[in-house]
Amino acid sequence: MEFSERWLKEWVNLEINTITLCEQLTESGLEVESVKCISGVFNDVIIGKVISCEIHPNDNMWKIFFINIGCNNNIHIISKICNVKIGMKVVIAPIGSILPDKIVIKPINIEGYISEGIICSFFDLGMFEYGEKIIVLPDNAPVGVDLHKYFLLNDNIIKLSVTPNRFDCLGILGIARELYIRNNIKLPVLYIKPVKSIINDTVNVILKAPNICPRYFCRLIKNISNSIITPIWIVEKLRRSNIKSINAIVDIVEYVSIELGLPLHVFNADITVDNIILRKSSLNERTTLINKEEIILDKNVFVISNNHSILSVEGNINTVISEVTTNTKNILVGSAFLNISLDEKVIGKYTGKNFYTNCYEYGVDFNLQEYAIEYVTNLLMDIVGGQSGPLVSETDYSNFCVSRKIKLSRDRLNKVLGFFMEDDLVKENLLKLGFRVIWCSSDYWQVESPSWRFDIKIEEDVIGELVRIYGYNNISSISYVGKMFISNINDKYELLKKTKNLLVNKGFYEIITYSFIDPNMQSMLFPNRKQFFLSNPISKEMSSMRTSLLPGLLNILSYNQDRQRDHICLFESGLCFLEDKNCILGVSQNFYLSGIAYGYIYGNRFWDKTDKRIDFFDMKGVIESIFEINGILKNIDFRSESITCLHVQKSANIYCNGKLIGYFGVLNSYLSQYFKYTYNVVMFEIFWENFLSCDSITIKKFSRFPNSKRDISIIVSKNVPINDIIKTCKDIDIIKIVDVYIFDLYCDNRAIMKNKKSVGVRLIFEDMHKTLIDSEINVIVKKCILKLQKKFQAVLRN
């Protein structure tokens, strides 16, 4: 959030400098990201009025402007500017003025005529973000007034990073409230004299989705004059909050919204607005936004409508029907209180993240709604005039979220704080923070949270607020003595360490990501998995506990691809959270190892090698290496099965002794296009607990007798997995057949071989006690052939 320091000090007039102000905000838990001066350093720059304009008699490329700079003082300025007209109010730097970079304006002789200053652009005054446009001021700008005084430029723009638990500080009022508390000043009671109704026109408010919007306030104002220019003090405050001026009505509503931290909206009431309906959208409902974009709404998106058309989508973006223009004569100003849980996708999809969606997601002060409507009505009446109707409100108390009552015990307070805080100080700080102390004794306090603090839900939240106000720097440091001991390293850790080293040696990089991720992304990858949501997340994009490591890996992949990396191999290990009714709270914590590979094998770095893209079989080789170093490769079975989020024909489940221990494959084309990946993304995920339960390496004696080899060449259907052929041969005699592998594979599209493949199988025979003779080997080979013929309809090649 960005705001003007001068605007903040209008609410809390403290004799402190900017540095002290920022320190106090930081101590209150609000991170100050930056502080910048409103403009470049300049002096003696004033407002002037163009009296006349003539072509330079000696050079028609120049113009001579005759400009009044106040007190009947007129000067000549020579310039090539062509968009300055007679009567225009402009910014003048006369002789002696100082511009940024200590540039002093001096008289200049141009073709025999003296120029006594310059007509300033934004660039000249150090406001580089506005380019080199000439600064044109309103007609009512006073001539001869210093620009610092007119624009109130002795100001700073402070940018705050507001955490999700402090969205009460998204407005000037909330920030001022923190400074009141920090400087031991009593919180002011907000009061404004209600506007007297001149007309009796009202609207009928219908709450069709009271579980989402249980309260709504609004007022009709008629016969306004929206052609009036927005006062400069409002325009400047909005500009310093990074908000562009649109027209007087919209600017005033935006101004009050930012000042109070409460979303307001305004509709064009020239259309019929007998009924204001707050509801959820129907599936495929259509509307056109004010930017002329036509959208098709999903089901259950929060909208505000009349009997016929949608007026607002998600409570913060108007449709073309309700757009307020300079021709608008009648308006309706409203405030909706939304009570939204994080798993309800009723806002944010069509308008993205902004001030309004942040306020709606995390809660606004419902006690401010009436004050806000009265405040904005007063400003509108003073600036654009009009006739106001009575205030209209509707509340569904069965769904209305009121402040929470919380019990704070003395024992718990002492235990968490680590020091004793006096009872009087506890009560004093609670009152400072806006809590209502219902009951207090030597053992506990019963308190009610402020209406603007939706994040305070449990006892620890109250303790956190007490510590914050007490001051972290005021807590004395205590050194603790602890005994250190070295624990035995278990096999699980050793195997994981060995596997990680292997992946690093193969060019993978280990990453660590958050355990909470974007629920939308997770539902796209794993639509059938139940998600578990945080009650107070950092943001909506980090509100769901991960059920897989792959979403985090894909996010990091996207980040690196956007920075032109064409060889990305990453892996991560960590806990994932799945539904399990047999576990506590119905959630099981499962340890996974996952990896992802993307791009070219060598990253196109070698001129003497033809590079190739990483594919399904490259990742299969990596996975087999993991199983090989852990001694279980012979027990591994890869089965081509349909897996959510992976390509149907380029994915496989991994089994060890018939038990599922993971899966791998290529990300399906739909998701690959959605995430805008240039190449195929290959990934794997191993369920580590299942992996550890597999039989590991066993030590046995090796035979002192020579082995024998026999080859079998067969023709089978293309659909027969090679692994099934190998496993079938091994099962014939698991003692004497010590190894089976494929030495040849051939496919041909000719008619005789259509939908067939030729497979060459090599059998290795060995005995612990003797050298096997041909007759013994031939019996086993014959059994293999018969089994293959029976199971796969194999045909022995000549």
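This passage walks through a few helices, a set of paired strands and one loop residue. The model is a predicted one.

A good place to start is the meeting of two helices. Helix H2 covers residues 18-27 and helix H4 covers residues 172-182; the two pack with their axes 10 Å apart and at an angle of about 95 degrees. Angles from 65 to 115 degrees count as roughly perpendicular, and H2 and H4 therefore cross in that way. On the H2 side, the contact is made by Leu21, Gln24, Leu25 and Glu27. H4 answers with Ile175, Leu179 and Arg182. Residues three or four places apart in an α-helix point the same way, because there are 3.6 residues a turn.

H4 itself is well tucked away: 11 of its 11 residues are buried, so the helix is largely enclosed by the rest of the structure. The buried set takes in hydrophobic-looking names such as Ile172, Leu173 and Ile181, but also Arg177, Glu178 and Arg182. After H4 comes Asn184, with a positive phi near 55 degrees.

Helix H6, residues 248-260, is mostly covered too, with 13 of its 13 residues buried. Its length also adds up: at 1.5 Å a residue, 13 residues should span 18 Å, and the end C-alpha atoms are indeed 18 Å apart, so the two values agree. Gly261 follows H6 and has a positive phi, near 70 degrees.

Leading into H6 is a loop that comes from helix H5 (232-239), and Asn247 is found there. Is this loop residue buried or exposed? Asn247 has a relative accessibility of 6%, and because anything under 20% counts as buried, Asn247 falls in that class. The side chain of Asn247 reaches the backbone nitrogen of Val250 at 3.0 Å. Leaving aside residues up to four places away in sequence, Asn247 also touches Asn226, Thr230, Val324, Thr325 and Thr326.

The strands give another picture. Strand E3 (residues 46-55) and strand E4 (residues 63-68) run antiparallel and are joined by 6 bridges. Within this pairing, Ser52 stands opposite Phe66 of E4. E4 also pairs with strand E5 (residues 74-79), again in the antiparallel sense and over 6 bridges. Here Ile64 has Ile78 in E5 as its bridge partner. E4 and E5 form a hairpin with 5 residues between them, and Gly70 in the turn has a positive phi of about 100 degrees.

Notes: Residues numbered from 1 in each chain as written. Predicted model: local features only at pLDDT ≥ 70, side-chain atom pairs only at ≥ 80, totals over all residues. Heavy atoms only, no water. Helix = DSSP H or I, 4+ residues; strand = E, 2+ residues; numbered from the N terminus. Expected span 1.5 Å × (residues − 1). Buried < 20%, exposed > 50% of the residue type's maximum accessible area, 1.4 Å probe, protein only. Pairing = 2+ DSSP bridges. Polar contact = N/O pair within 3.5 Å; in protein donor to acceptor, adjacent residues only side chain to side chain. Contact = heavy atoms within 4.5 Å. Axes fitted to C-alpha atoms, helices over the stretch in contact; angles between N-to-C directions. Parallel < 35°, antiparallel > 145°, perpendicular 65-115°, else oblique.
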